[in-house]
Amino acid sequence: MSDQAHAPTSRSKPRPAGEEEASAVLKLGEFEDVDTLTLSEASLVINALMAKRRKDRKDRNETDVLNKTLDYLDAFARFKQKENVEAVERLLSAHKELTKFERAQIGSLCCDSSDECKTLIPSLADKISDGDLQELLDEMAKLMSA
């Protein structure tokens with residue numbers, strides 16, 4: 001073994017190019033008006049695509065990252081049935097005062113209370129009343145247990 005000191009083999013992670021921020025004021029940069037999906041919607045889309053690829057025998061592109069993504073979505077997607085995913089999307093879409101990003105966050109986090117939801121998604125503070133938000137969360141909870 002050599003006693004020579006070696007330079008570190010890793011480097012620090014570069015800072016992102018944009019100034020994106022999801023706090024009390026959303027600053028999503030180039031992602032501002034991009035359609036967003038809840039984890040449940042992403043799970044449906046990717047699983048449907050994978051089923052079609054397997055049916056067409058084009059599943060050669062299943063990578064480790066894709067499989068880990070599917071595992072993550074299976075673990076954290078709150079709504080498993082397609083009908084419930086669609087019902088949640090309709091509930092969220094009815095709240096035009098919320099951004100697409102905020103709706104996707106609400107649909108993915110599935111908080112128990114409006115207070116918890118506004119703590120985790122600070123940009124909701126002045127956009128929706130606690131009562132309206134709690135009603136939305138309660139309706140979503142019914143779909144989770146269905």
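Start by selecting cysteine 110: at 8% relative accessibility, this residue counts as buried. Keep in mind as you click around that the model is predicted.

Stay on cysteine 110 and show the backbone. You are in the loop between α4 (100-109) and α5 (114-120). Check the torsions here too: phi of cysteine 110 is near 50°, a positive value in a residue that isn't glycine.

Now add the sulfurs. How many disulfides does the structure hold? The count is 0. Cysteine 110 is in no disulfide, and its nearest cysteine sulfur, the one in cysteine 111, sits 7.8 Å away. Hop over to cysteine 111, which is buried as well, with a relative accessible area of 6%. Which cysteine has the sulfur closest to that of cysteine 111? Select cysteine 117: the sulfur-to-sulfur distance is 4.2 Å, too far for a bond. The cut-off for a disulfide is 2.5 Å, so the pair of cysteine 111 and cysteine 117, at 4.2 Å, doesn't make one.

Time to zoom out. Switch to cartoon and colour by secondary structure: you should find 6 helices and 2 strands. Walking from the N terminus, the order is β-β-α-α-α-α-α-α. Colour by accessibility next, and 27% of the 146 residues count as buried. With the surface turned on, the accessible area comes to about 10,500 Å², and carbon and sulfur atoms own 52% of that. If you like contact maps, take the contacts with a separation of 6 or more: residues 24 or more positions apart account for 60% of them.

Next stop, threonine 38. Look in the loop between β2 (26-27) and α1 (39-55). Is threonine 38 buried or exposed? At 4% relative accessibility, threonine 38 is buried. Which residues touch threonine 38, once you ignore its neighbours within four places in sequence? Select Leu92, Arg103, Ala104, Gly107 and Ser108, and you have the contacts. For a distance label, pick the C-alpha atoms of threonine 38 and isoleucine 106: they are 8.2 Å apart in space and 68 residues apart along the chain.

Threonine 38 also leads to the last stop, a cavity. The count is 1 cavity of 30 Å³ or more, and the largest cavity has a volume of about 30 Å³. To see what lines the largest cavity, select Thr38, Ser40, Glu41, Phe79, Val85, Val88, Glu89, Leu92 and Gly107. The elements giving two or more residues to this lining are α1 and α3 (82-93). Which element gives the most to the lining? That's α3, with 4 residues. Colour the lining by residue class to finish: 4 residues are nonpolar, 3 polar and 2 charged.

Before you leave, keep Leu92 and Gly107 highlighted. Both belong to the lining of the largest cavity, and both are among the contacts of threonine 38.

Technical notes. Residues are numbered from 1 along each chain as its sequence is written. This is a predicted model: local features need pLDDT of at least 70, side-chain atom pairs count only at pLDDT 80 or more; totals for chains, interfaces and linings use all residues. Side-chain values use heavy atoms; hydrogens and water are left out. Buried means under 20% relative accessible area, exposed over 50%, partly exposed in between (1.4 Å probe, protein chains only). Contact means heavy atoms within 4.5 Å. Accessible areas come from the Shrake-Rupley method with a 1.4 Å probe; for residues, only the protein chains shown count as cover. On a 1 Å grid over the protein atoms alone, a cavity is a set of points where a 1.4 Å probe fits but cannot get out, and a pocket is an open set with protein on both sides within 12 Å along at least five of seven lines; lining residues have an atom within 4 Å of a point. Grid points are joined across faces, edges and corners, and a volume is the space filled by probe spheres set on the points. Ala, Val, Leu, Ile, Met, Phe, Trp, Tyr, Cys and Pro count as nonpolar, Asp, Glu, Lys and Arg as charged, and the others, Gly among them, as polar.
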